[in-house]
Amino acid sequence: MKWQAKWIRPSVDFGKVNPVYRKKLNIKGKLSGAELVITAMGVYEAAIDGKRVGDFILAPGWTSYSKRHQYQTYDITDMLSNTSVLEVTVGEGWYRGRLAGWIKRENERASIPPAIIAQIELTYADGSHELILTDKTWEAAESPVLFSNIYDGEVYDARHVDNTFYPAAEMADATTDNLIPQQGEKVTEHEHLKPLRAFVTPKGEKVIDFGQNLTGYVAFTVNAKAGERVVISCAETLDADGNFYNANYRSAKSKIEYTCKDGVQFHKPSLTFFGFRYIRLDEVPSGWNADDFTAIALYSDMKRTGHLICSDSRLNRLFDNIVWGQKSNFLDVPTDCPQRDERLGWTGDAQVFCRTATYNFDAKKFFEKWLADLAADQGEDGYVPHVVPDCLPKRESSAAWGDAAVICPWQVYLTYGDTEILKNQFESMKLRIKYIGGHTSDKYLWTGAKHFGDWLGLDSPEGSYKGSTRADFIASAYYAYTTSLVVKAGKALGADVSEYEALYENILKAFRKAFSTYKTQTEHVLALYFDLAEDKKPVADSLAKMIRENGNKLKTGFVGTPYLLHALSDNGHADVAYSLLLQDEFPSWLYSVKKGATTIWEHWDGVKEDGSFWSTDMNSFNHYAYGSVGDWVYGVAAGIRTVEEHPGFERVLIKPIPDERLSWLCAELETKYGTIRSKWTYVDGRARYEIDTPSPATIVIGDKTYEVEKGSYIF
Ligand code: BGC
């Protein structure tokens, strides 16, 4: 689209108060169509005659704005009358508000105006057109939103209806070159949860429990006198004594401060979001009623495609927690967590969770947009920032984190079968490999660089977040793996990949020479899963032994955990993989379930046995990374897998591996060909398999292989 409008900003400085722009539309005749095209430097909410335009919350979303700034197009034909007034309120959002990494540069941020740009195209019944463009005929005033940003929440004064509108100022120099049409999924409201219970804590706090940790905001209705306040704080958990606990939010205030007008009133914030399960009513008018508070979940509007269910209610809760972890952290960009002063697009977290994510939901558009931002933020030397969109001051790239550049597009291709993603990302994928080649001390290994290592691995030395797996081992293993994926991606595109094939062979040789023994669980896992070990059997046996000797418990962190169960089950130790999955003592997936988790925790021991917490500096209860175990349940326990030569489930490999400790398990996956279903049930000590496939499939049951057409099968 060609932009004719100009960016505008208020001509007076409203400070922290969020401006509301106004334009009287003055429609001259009968309309046959009307479109609003708009975006903002911040997050905006547009309304016509008081009615919200569209359902995209926190538009325009978060992208690498300087290169890619999305605008949205709304059909407003049915909203308009001759005297309609458009109003647009603009919050700081990700564009202007404080963000980790930007915190030290707040003055620079504060100088960015809360600008908008919009074009309204009217088509009259007689076929004529009119364009209404943002310019100095638009006006701006203070809105009742006295403050809003991503981390701290919102301050709203319902009495503050300011009719002093000032003309807007045109920003002649502001570019429109970076404006792109909406590419990702819009963020919308989803589940509306009523309180599970309301209670007073031992400290005397009024608390509402919504029963589910989520990302979103709280809507409420109160009957109040003007000037009374509703002040709400958010928390994910209670402490061991049952008191409200939000020390793990660090500096994120995550507060709603609402000043009432007279009478019965409804309110919900819309220019911020919170990660929470509990709210504390710090102030509330008397006569309040818990049922008048609703938690509303916000996330990218992806279609749910995958479902897991089995005979063990603890595992079912884990499956739900994985899905809620994704909902909570797929708010326009894949974030590490939604509550503390971080909420960033950490590449490593997205990389490890990507496959599970594409089973659970149709995340194609979501990842296409984010990967385009990744490529946009990538340096010419191939450097991939730790977070995308990039906002961190340091220019560093870590193994397993920066490798999102290669692993995520490959996964999106496998799941959805569209070569477009590979076409769009192939340069970025190759650049990643080039970067490694340019930042290593050994030619065919990645050595001597700084990385996050096996982040949060339980074999970390005292005082460190990094597990004891060797950094050079992880980096070189990923170098091999991502190079192998570039070869596969290139072949899928019909490109000449001989250079990468040769490179891969050299890395493999160098790796085997440099790392002939494996020390940690994670080293075993990577050597197996990335096909680096020459003779896998003894390595798999050794890994299984380490785990058994450790009481069927893992020690892995962000790098080892996603592939741990695969490395075992691919190599004859599915029973040990199940032992880990079914373990409910610390450290394990079910430990958090036993402790009442409703989302995935950042730490295996976010809450310790005695009820105390991991230190407040880094203890999220909504970090999807370890939810990556979901893909093992879909792909191995239920056995639904992609076939590289026929991606997108054009052909399916269905290779379930049951375990008698569960009496049944079922996975369903909606693909563009129809729904794949794989269920097994133990009947008199033998597994009975029911399989539905909408595409031709290779079904592997034990040591027998069946090539079948689409249909339903029982074994
Ligand atoms: C984030 C992680 C992230 C890490 C990098 C943390 O603060 O929350 O999930 O991957 O930093 O090591």
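Colleague: Where is Pro 60 found, and what makes a stretch of residues a strand?

Modeller: Pro 60 is found in the loop between strand 5 and strand 6 (69–75). Strands (E, at least two residues) and helices (H or I, at least four residues) are DSSP runs, numbered from the N terminus. The protein chain has 15 helices and 35 strands. This is a predicted model, in which local features need pLDDT of at least 70 and side-chain atom pairs count only at pLDDT 80 or more, while totals for chains, interfaces and linings use all residues. Residues are numbered from 1 along each chain as its sequence is written, and side-chain values use heavy atoms, with hydrogens and water left out.

Colleague: Which residue does a cis peptide bond join to Pro 60?

Modeller: Ala 59 is joined to Pro 60 by a cis peptide bond, with omega at about 10 degrees. The bond from Phe 586 to Pro 587 is also cis, with omega near -5 degrees. Pro 587 lies in the loop between helix 13 (574–582) and helix 14 (589–594).

Colleague: What is the phi of Asn 26?

Modeller: Asn 26 has a positive phi of about 50 degrees, although it is not a glycine. Asn 26 sits in the loop between strand 2 and strand 3 (31–40).

Colleague: What makes a residue count as near the ligand?

Modeller: A residue is near if one of its heavy atoms lies within 4 Å of the molecule. The residues around the ligand are Asp 336, Arg 340, Glu 342, Trp 346, Asp 349, Trp 401, Phe 452, Trp 455, Phe 558, Glu 602 and His 623. By class, the shell has five nonpolar, one polar and five charged residues. Here Trp and Phe count as nonpolar, Asp, Glu and Arg as charged, and His as polar.

Colleague: How do you know that Asp 336 makes a polar contact with the ligand?

Modeller: A polar contact is a pair of N or O atoms within 3.5 Å. A polar side-chain atom of Asp 336 is 2.7 Å from a ligand oxygen, so the pair qualifies. For Arg 340, a side-chain N or O atom is 2.6 Å from an oxygen atom of the ligand. Glu 342 likewise has a side-chain N or O atom 2.6 Å from a ligand oxygen. The protein covers 95% of the 300 Å² of accessible area (Shrake-Rupley method, 1.4 Å probe) that the ligand has on its own.

Colleague: What makes a space a pocket?

Modeller: On a 1 Å grid over the protein atoms alone, a pocket is an open set of points where a 1.4 Å probe fits, with protein on both sides within 12 Å along at least five of seven lines; lining residues have an atom within 4 Å of a point. About 910 Å³ of space lies in the largest pocket. Its lining has 38 residues, of which Arg 355, Tyr 481, Tyr 529, Arg 641 and Glu 644 lie nearest the centre. Helix 4 gives the most to this lining, with six residues.

Colleague: Which element gives the most to the lining of the second largest pocket?

Modeller: Strand 4 does, with three residues. The second largest pocket has a volume of about 740 Å³, and its lining has 12 nonpolar, eight polar and 11 charged residues.

Colleague: Why does the radius of gyration of the protein chain agree with that of a compact globule?

Modeller: The globule rule is 2.2 Å times the number of residues to the power 0.38, and the radius is taken over C-alpha atoms. With 715 residues, the rule gives a radius near 27 Å, and the protein chain has 27 Å, so the two agree.

Note on methods. A polar contact is a pair of N or O atoms within 3.5 Å; within protein, one must be able to donate a hydrogen and the other to accept it, and residues adjacent in sequence count only if both atoms are side-chain atoms. Grid points are joined across faces, edges and corners, and a volume is the space filled by probe spheres set on the points.
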